[in-house]
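Subject: Structure handover

Hi,

Here is the structure I promised to pass on. Please open it next to this email and follow along. My notes come right after it.

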Amino acid sequence: MPFLSAALDRVKPSATIAVTDKARALKAAGRNVIGLGAGEPDFDTPANIKLAAIHAIEAGKTKYTDVGGIPELKEAIIAKFQRENGLTYKSGQVIVGTGGKQVLYNALMATINPGDEVIIPAPYWVSYPEMVALAGGEPVPVVCTAEQGFKLQPDALEKAITPKTKWIILCSPSNPTGAAYTRAELKAITDVLVKHPNVWVMTDDMYEHLVYDDFAFTTPAQVEPKLYGRTLTVNGVSKAYCMTGWRIGYAGGPAELIKAMATIQSQSTSNPCSISQWASVEALNGPQDFIPVNNKAFKERRDLVVAMLNQAKGIDCPRPQGAFYVYPSCAGAIGKASPSGKVLANDEDFVTELLENEGVAVVQGSAFGLGPAFRISYAAKNSDLEEACKRIQRFCGNLR
């Protein structure tokens, strides 16, 4: 359609949203569908956080705020970065956005010029390369295989860096694989980046608190202070605090970059929701004791799903260190025919036939830059996960 912008030619719709929407439509039509495509906790927002929002409404805190966030939330973020990450920021180095996605997007829009390259380890969150493309840049995926733990290797990073490289985007624990970098692994990555002062670091720490088996989380600017001046450390309340719909993300970084991001935000959405900001103050400053309780449940679900998927024919499911995703290979199923007679040529065929035949909605790995595989979100009831895995086992067992 000539009326539409040519920028749309550079991006694709979100595969994770598409799967979730399709699952909802099938459910509405009466199908028995188990949706494991959405990346959000199934636990409710803690009561103290909801109460803080109610109090904010009752107190009339429903007006416009500063574009980059209320001072009280900025102070809570500053305290969080210092307390949990050993990072020191001032108010002018912190911004609050409408979810972590907007924070990432604003940073790219504020810095990318045509032809600038952004290194993105694959598998990656589906939105990273699309946001880079929308900003006019060139996404540079670097494949990280299951044999490498789905983690970027220092030599591969070195080879990917060119004079046009502006950013590298790191996500640990990862969406979609759940892979998390140890401190030593991050140090090997940051040692490479120290040698390339033209490369900035954008780190998506949204799943920071969702780690298991005594894994110790660290973030790049914490591991290598030399990178502090060119690192944007992005986080939010969505995952650990079960606040996906509240839409609050935040970042700490160099003041000049934060100011530029605020300029972009001022001409697009302006301030994030005032009520959500006050709820987030309570989230960051209030009790944190529910997080390990939730993590215990997530770990049990992870172990259930990994064990059951590894019993399915043609499926190989690694055990992730964090987040609430598994990323099993379905290479053993490719080339076989489903009960409907459809020959599975790729992982998109696999997930489509799985949904049609067994009513299980997952996301194809090719959407995340590495297939044949699929992503399952195990942020769901144990009973649903067990039933879904039984259906996957049956589906794989019926392939011929």
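Start at Gly 97: its bridge partner in E8 is Gly 249. Please keep in mind that this is a predicted model.

**Around strand E8**

Gly 97 sits in strand E2, residues 94-97. E2 pairs with E8 over 4 bridges, in the antiparallel sense. E8 also pairs with E7. That pairing is antiparallel too, again with 4 bridges. Within it, Asn 235 stands opposite Tyr 250 of E8.

Are the two faces of E8 covered or open? Both are covered. Strand E8 spans residues 249-252. Gly 249 and Ala 251 are buried on one side. Tyr 250 and Gly 252 are buried on the other.

**Cavities**

The structure holds 3 cavities of 30 Å³ or more. Two of them are described here.

The second largest ties in with the strands above. Its space is about 40 Å³. Asn 235 and Tyr 250 are both in its lining. So are Lys 80, Glu 84, Met 206, Glu 208 and His 209, along with Gly 236, Ala 240, Tyr 241 and Leu 284. Helix H3 (71-85) and E7 each give two or more residues to this lining. By class, the lining splits into 5 nonpolar, 3 polar and 3 charged residues.

The largest cavity has a volume of about 130 Å³. Its lining counts 16 residues. Closest to the centre are Pro 121, Pro 123, Cys 171, Ser 174 and Tyr 181. E3 and E5 each supply at least two lining residues. E5 gives the most, with 3. This lining has 12 nonpolar residues, 3 polar and 1 charged.

**Nonpolar cores**

Nonpolar side chains tend to be buried together in soluble globular proteins. Here is how that looks in this model.

The largest nonpolar core has 40 residues. Which of them have the most contacts inside it? They are Leu 108, Val 118, Tyr 128, Trp 167, Met 202, Leu 232 and Met 261. Several elements give two or more residues to this core. The helices are H1, H4, H5 and H9 (255-266). The strands are E3 (117-122), E5 (165-171) and E7 (231-236).

Take Met 261 as a way in. Leave aside its neighbours within four places in sequence. Met 261 is then in contact with Ile 95, Val 103, Asn 106, Ala 107, Ala 110 and Leu 232. Leu 232 is also on the list of residues with the most contacts in the core.

There is a second, separate core of 38 residues. Leu 36, Ala 323, Tyr 378 and Ala 379 are among them.

**Pockets**

Now the open spaces. The largest pocket holds about 650 Å³ of space. It is lined by 29 residues. Which lie closest to its centre? Gly 39, Lys 101, Trp 125, Lys 239 and Arg 247 do. Helices H1 (15-28), H4 (100-111) and H5 (127-134) each supply at least two lining residues. H1 has the largest share, with 5 residues. By class, the lining has 10 nonpolar, 11 polar and 8 charged residues.

The second largest pocket holds about 350 Å³. Of its 19 lining residues, Lys 27, Gly 35, Leu 36, Ala 38 and Ala 379 are the closest to the centre. Leu 36 and Ala 379 also belong to the second core. H1 and strand E1 (34-35) each supply at least two residues here. Once more the largest share comes from H1, with 5 residues. This lining has 10 nonpolar, 4 polar and 5 charged residues.

H1 is thus worth a look on screen: it has the largest share of the lining in the largest pocket and in the second largest pocket.

**A three-stranded sheet**

Last, look at the open sheet of 3 strands. The order is E9-E12-E11, and the pairing is antiparallel. Strands E9 (325-326) and E11 (363-364) stand at the edges. Each has a single partner strand, so one side of each is left without a neighbour in the sheet.

E9 and E12 (residues 374-377) are joined by 2 bridges. Val 326 stands opposite Ile 376 of E12.

Over to you.

Best wishes

Definitions and conventions: Residues numbered from 1 in each chain as written. Predicted model: local features only at pLDDT ≥ 70, side-chain atom pairs only at ≥ 80, totals over all residues. Heavy atoms only, no water. 1 Å grid on protein atoms, 1.4 Å probe; cavity = no way out; pocket = protein on both sides within 12 Å on 5 of 7 lines; lining within 4 Å. Points joined across faces, edges and corners; volume = space filled by probe spheres on them. Nonpolar A, V, L, I, M, F, W, Y, C, P; charged D, E, K, R; others polar. Core = buried A, V, L, I, M, F, W, Y, C linked by side-chain atoms within 4.5 Å. Buried < 20%, exposed > 50% of the residue type's maximum accessible area, 1.4 Å probe, protein only. Contact = heavy atoms within 4.5 Å. Pairing = 2+ DSSP bridges.
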